[in-house]
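Grab a pencil and work through a few exercises on a protein structure. Try each task yourself before you read the solution.

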Amino acid sequence: MMHSVTVTINGRTYTRSVEPRLLLSDFLRHDLDLTGTHVGCEQGVCGACTILLDGQPVRACLMFAVQADGHTLTTVEGLGTPDKLHPLQQAFWEKHGLQCGYCTPGILMTLVAFLQETPDPSEAEIRAALSGNLCRCTGYQNIVAAARSAAQTMRPAAGGE
Amino acid sequence: MKPAPFTYHAPDSVAAALALKAQLGDEAKFLAGGQSLIPAMNFRVAQPAALVDLNRLAELDFVRVEAGELRLGALTRQRQLERHPLVKRHARLMWEAVPHIAHPQIRNRGTLGGSLAHADPAAELPVIVTALNGRLRALSARGERWLDAAQFFLGLFTTALEPDELLAEVALPPLPPDSGTAFVEVARRHGDYALLGVAAVVTVLPAGPQVRLVYLNAGEGPVVARQAAEAAQGRALTPPVIDEIAAVAAEHDLQPIGSLHASPEYQRHLARVLTRRALVTALERAVEAP
Ligand SMILES: Cc1cc2nc3c(=O)[nH]c(=O)nc-3n(C[C@H](O)[C@H](O)[C@H](O)COP(=O)(O)OP(=O)(O)OC[C@H]3O[C@@H](n4cnc5c(N)ncnc54)[C@H](O)[C@@H]3O)c2cc1C
Ligand code: FES
Ligand code: FES
């Protein structure tokens, strides 16, 4: 049986009909063409599919699309645009926080929520926040550097952007 | 699509969820946080014919204190447990253990009841609820019953819940005065399932301290170290006595099965080291206790 789902994603409302077994990650990518959310393991380990559900980071591969009915999501497409990067994306650009970029959307969504809660994080806190996101390229050093730099520009006390 | 097909039900009351489960029977599963069930379905290790989604049951999502007991709804997210001031105040052991479960993204979905019903021997929450002598409330269309943790956890991924029963709530009684607790574990990376972990509860009594030790990943469920507790009876917890208790637990109480990453011998070694650490900390906290 098909179920109707209405979700607000990055400020836009979508209504679709889905099979219950459709994962939220596949719904975003295949049904809505929001391919910024990546899929690595589909068992919750890699973090590539991390998105915000009502403002909190979650694994899109460990929810069914039908469960998102009535909820508000943010995906990496909701952060910035190529012309106007989000301060976190700008920091990744400047600090070379990515190489192949496969892990990047999940890391950005994890960090955006983390920096909101922890505007002035220590390096240890940043590393703990990243523990659920695997990156096979960078060795994490530049990701941590980008997070620190973004924390500085995003902090209201520092004047924001 | 990865999971096998199933029918999906999202009741908006506990009564409706229980009626559905009674009607759909064994082939149906409750869906809580989905952080264990959905990976299993993605790999088709689990192929339930129907899911009864609990996520709309706000009545199962609560943290409150009643008659001195901490009452936790089964749908309380793990992330909420680690953040809630009442959990920190009334069940510091749980508050200390929860951040060891997976990662924040998973704890945002994963629930207390899901972890307890799943009964993974490597999971933190079954050990904590056992160490704190928690009671669990099971509901079905037939009625309700309360189970002690010792009756609830029956072994590898096995609990006393009947197919039509829902775990609704957990009650954690207060610890006796002059008690202290500690939780420690070792995992290969932060957020991985632990190679071994232990929860310690120490109560300082006039006749000498009382010790309760419960282990994760040391057998088929939460492992209560009875011989170690006996060895501790009425003895001052000096460093040599603590060493002895840790050795008794590691050699006699635990049945570690080992894994690719840790042989049973290494797990016993970890048990000694972690037991010492947990006892020292729990004792300090017992002595400081208000
Ligand atoms: C990458 C990763 C790492 C993890 N690491 C850890 C870890 O280190 N430690 C740890 O403890 N866990 C870990 N987990 C598991 C996680 O904590 C799960 O949240 C938990 O095991 C199950 O809770 P859930 O709410 O997600 O339950 P679900 O996955 O929804 O359900 C699990 C089982 O319990 C049943 N169930 C759920 N709720 C109820 C209820 N109220 N009454 C009756 N039956 C019910 C379901 O039918 C199902 O069989 C990890 C998971 C992932 C993906
Ligand atoms: S694809 Fe979701 S965590 Fe890896
Ligand atoms: S940049 Fe390639 S996986 Fe992280």
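The exercises below go through this predicted model, one feature at a time.

**Exercise 1. A helix and its neighbours**

Task: Find the buried residues of helix α1 of chain A and say which strands they pack against.

Solution:
- Step 1. Locate the helix: α1 of chain A covers residues 24-31.
- Step 2. Pick out its buried residues, which are Leu24(A), Ser25(A), Asp26(A), Phe27(A) and Leu28(A).
- Step 3. Look at what these buried residues pack against: β1 (3-9), β2 (12-18), β3 (50-53) and β5 (72-74) of chain A.
- Step 4. Check what comes after the helix. α1(A) is followed by Asp33(A), which has a positive phi near 65°.

**Exercise 2. Two unusual backbone angles**

Task: Look at Glu42(A) and Asn133(B). Where does each one sit, and is each one buried, partly exposed or exposed?

Solution:
- Step 1. Start with the background: most residues other than glycine have a negative phi.
- Step 2. Now the angles. Glu42(A) isn't a glycine, yet its phi is positive, about 55°. Asn133(B) isn't a glycine either, and its phi is also positive at about 55°.
- Step 3. Place them. Glu42(A) belongs to the loop between α1 and β3 of chain A. Asn133(B) is found in the loop between α8 (124-131) and β6 (135-140) of chain B.
- Step 4. Use the cut-off: buried means under 20% relative accessible area, and exposed means over 50%. Glu42(A) has 14%, so it is buried. Asn133(B) has 46%, so it counts as partly exposed.

**Exercise 3. Three salt bridges in chain B**

Task: The whole structure has 24 salt bridges over all chains. Take the pairs Arg71(B) and Glu169(B), Glu165(B) and Arg145(B), and Asp243(B) and Arg276(B), and work out which parts of the chain each pair links.

Solution:
- Step 1. Arg71(B) and Glu169(B) meet at 2.7 Å, N to O. Arg71(B) is in strand β5 (residues 69-73) and Glu169(B) in strand β10 (residues 166-172) of chain B, so this pair links distant parts of the chain, 98 residues apart. Both Arg71(B) and Glu169(B) are buried.
- Step 2. In the pair of Glu165(B) and Arg145(B), the closest N and O atoms are 2.7 Å apart. Glu165(B) lies in the loop between β9 (158-159) and β10, and Arg145(B) in strand β7 (residues 143-148) of chain B, so the bridge ties together parts 20 residues apart in sequence. Glu165(B) is buried at 6% relative accessible area, whereas Arg145(B) is partly exposed at 32%.
- Step 3. Asp243(B) and Arg276(B) meet at 2.8 Å, N to O. Asp243(B) is in helix α11 (residues 239-253) and Arg276(B) in helix α12 (residues 264-288) of chain B, so parts 33 residues apart in sequence are tied together. Asp243(B) is partly exposed at 38%, and Arg276(B) is partly exposed at 31%.

**Exercise 4. One member of a network**

Task: Which residues are joined with Glu66(B) into one network of salt bridges, and what else can you say about Glu66(B)?

Solution:
- Step 1. Follow the shared partners: Arg64(B), Glu66(B), Glu69(B), Arg71(B), Arg135(B), Arg137(B), Glu144(B) and Glu169(B) form one network.
- Step 2. Place Glu66(B): strand β4 (residues 63-66) of chain B. With a relative accessible area of 32%, Glu66(B) is partly exposed.
- Step 3. Check its contacts and spacing. Its side chain makes a polar contact with the side chain of Arg64(B) at 2.9 Å. The C-alpha atoms of Glu66(B) and Pro173(B) are 9.7 Å apart, with these positions 107 residues apart along the chain.

Technical notes: Residues numbered from 1 in each chain as written. Chains lettered and ligands numbered in written order. Predicted model: local features only at pLDDT ≥ 70, side-chain atom pairs only at ≥ 80, totals over all residues. Heavy atoms only, no water. Buried < 20%, exposed > 50% of the residue type's maximum accessible area, 1.4 Å probe, protein only. Helix = DSSP H or I, 4+ residues; strand = E, 2+ residues; numbered from the N terminus. Contact = heavy atoms within 4.5 Å. Salt bridge = Lys/Arg side-chain N within 4 Å of Asp/Glu carboxyl O. Polar contact = N/O pair within 3.5 Å; in protein donor to acceptor, adjacent residues only side chain to side chain.
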